[in-house]
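Welcome! Here are a few short exercises on charged pairs and an open space in a protein, each with a worked solution. Have a look at the structure, then try each task before reading on.

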Amino acid sequence: MGKVVMDVPPEKPPQEISEQASPGLYDAVFSAEFRSRRDQKTPFIRTRFAPPEGSSAYGPLQITKGLMVNAMDQLDLTEKEEDYVDRFIEQADKFLKFGKEPDKEGYRERYDYGGEGDLTSLEDRRLYRSVGKKLLNLVWDQSGGDQDRFIKAWRYGPGSEKEVARDDPDYYKAFTNTMQKGAA
């Protein structure tokens, strides 16, 4: 079956993952990742946050290369989505190669923190959304539909000792508020 994104087995095989495991999940993650109005207007960017180890987080859901690589074999992707995922990973490699080093050979601003990368067409944005929903559903299903387990896995990855409500309360609040609005 391939690698699991979380450190627990999925509740359902990938082929049985629903179209939308939880209504509003995409919007809730987006609102947590992009809390300022300015950033919400241009979400198809590499993260602006530059940790010492680097980051490949990109787009409205801030999907990372690691998440995509670990999950891609578990997703029921169309041929166009598979091509997109390959190009997403190539872009992530460029993100990880360049960042805050404008004098580095081959540097292009589009790969730096806050840059738009290569996946800028409307079709690429549509594919990001469709693949992103499948990733969200996979992590949701692997979290057993538990909102706190899901948000921890999405925000910090499997095995993290961090708790989103404690360690990033603004993220937690934005996510939970949007989920509650979606359920109303």
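**Exercise 1.** In this predicted model, find the acidic partner of K134 and decide how far each of the two side chains is buried or exposed.

*Solution.* Start at K134: its side chain forms a salt bridge with E81, and the closest N and O atoms are 2.7 Å apart. Next, place the two residues along the chain. K134 belongs to helix 5 (residues 122–142) and E81 to helix 4, so the bridge links distant parts of the chain, 53 residues apart. Now turn to accessibility. E81 has a relative accessibility of 5%, and because buried means under 20%, E81 counts as buried. K134, at 23%, counts as partly exposed.

**Exercise 2.** Which helices does the salt bridge between D93 and K65 link?

*Solution.* First, check the contact: the two side chains meet with an N to O distance of 2.5 Å. Then look up the helices. D93 sits in helix 4 (residues 79–97), whereas K65 is in helix 3 (residues 65–71); the pair is 28 residues apart and links distant parts of the chain. Finally, consider the surroundings: D93 is partly exposed at 36% relative accessibility, and K65 is partly exposed too, with a value of 24%.

**Exercise 3.** What separates E123 and R126 along helix 5?

*Solution.* The side chains of E123 and R126 form a salt bridge, 2.9 Å from N to O. Both residues lie in helix 5, three residues apart, which means that about one helical turn separates them. E123 is partly exposed, with a relative accessible area of 33%, and R126 is partly exposed at 44%.

**Exercise 4.** How many salt bridges does a search of the whole structure find, and which residues are linked in a network?

*Solution.* The search finds 12 salt bridges. K94, R110, E116 and D118 are joined in a network of such bridges.

**Exercise 5.** Describe the largest pocket: its volume, its lining and the helices that contribute to the lining.

*Solution.* Begin with the volume, which is about 920 Å³. Then move to the lining: 35 residues line this pocket, and the closest to its centre are E33, S55, A57, Q62 and R155. Sort the lining residues by type, and you get 16 nonpolar, 10 polar and nine charged. Last, trace the helices: helix 1 (25–33), helix 3 and helix 6 (147–156) each supply at least two residues of the lining.

Notes: Residues are numbered from 1 along each chain as its sequence is written. This is a predicted model: local features need pLDDT of at least 70, side-chain atom pairs count only at pLDDT 80 or more; totals for chains, interfaces and linings use all residues. Side-chain values use heavy atoms; hydrogens and water are left out. A salt bridge is a side-chain nitrogen of Lys or Arg within 4 Å of a carboxyl oxygen of Asp or Glu. Helices (H or I, at least four residues) and strands (E, at least two) are DSSP runs, numbered from the N terminus. Buried means under 20% relative accessible area, exposed over 50%, partly exposed in between (1.4 Å probe, protein chains only). On a 1 Å grid over the protein atoms alone, a cavity is a set of points where a 1.4 Å probe fits but cannot get out, and a pocket is an open set with protein on both sides within 12 Å along at least five of seven lines; lining residues have an atom within 4 Å of a point. Grid points are joined across faces, edges and corners, and a volume is the space filled by probe spheres set on the points. Ala, Val, Leu, Ile, Met, Phe, Trp, Tyr, Cys and Pro count as nonpolar, Asp, Glu, Lys and Arg as charged, and the others, Gly among them, as polar.
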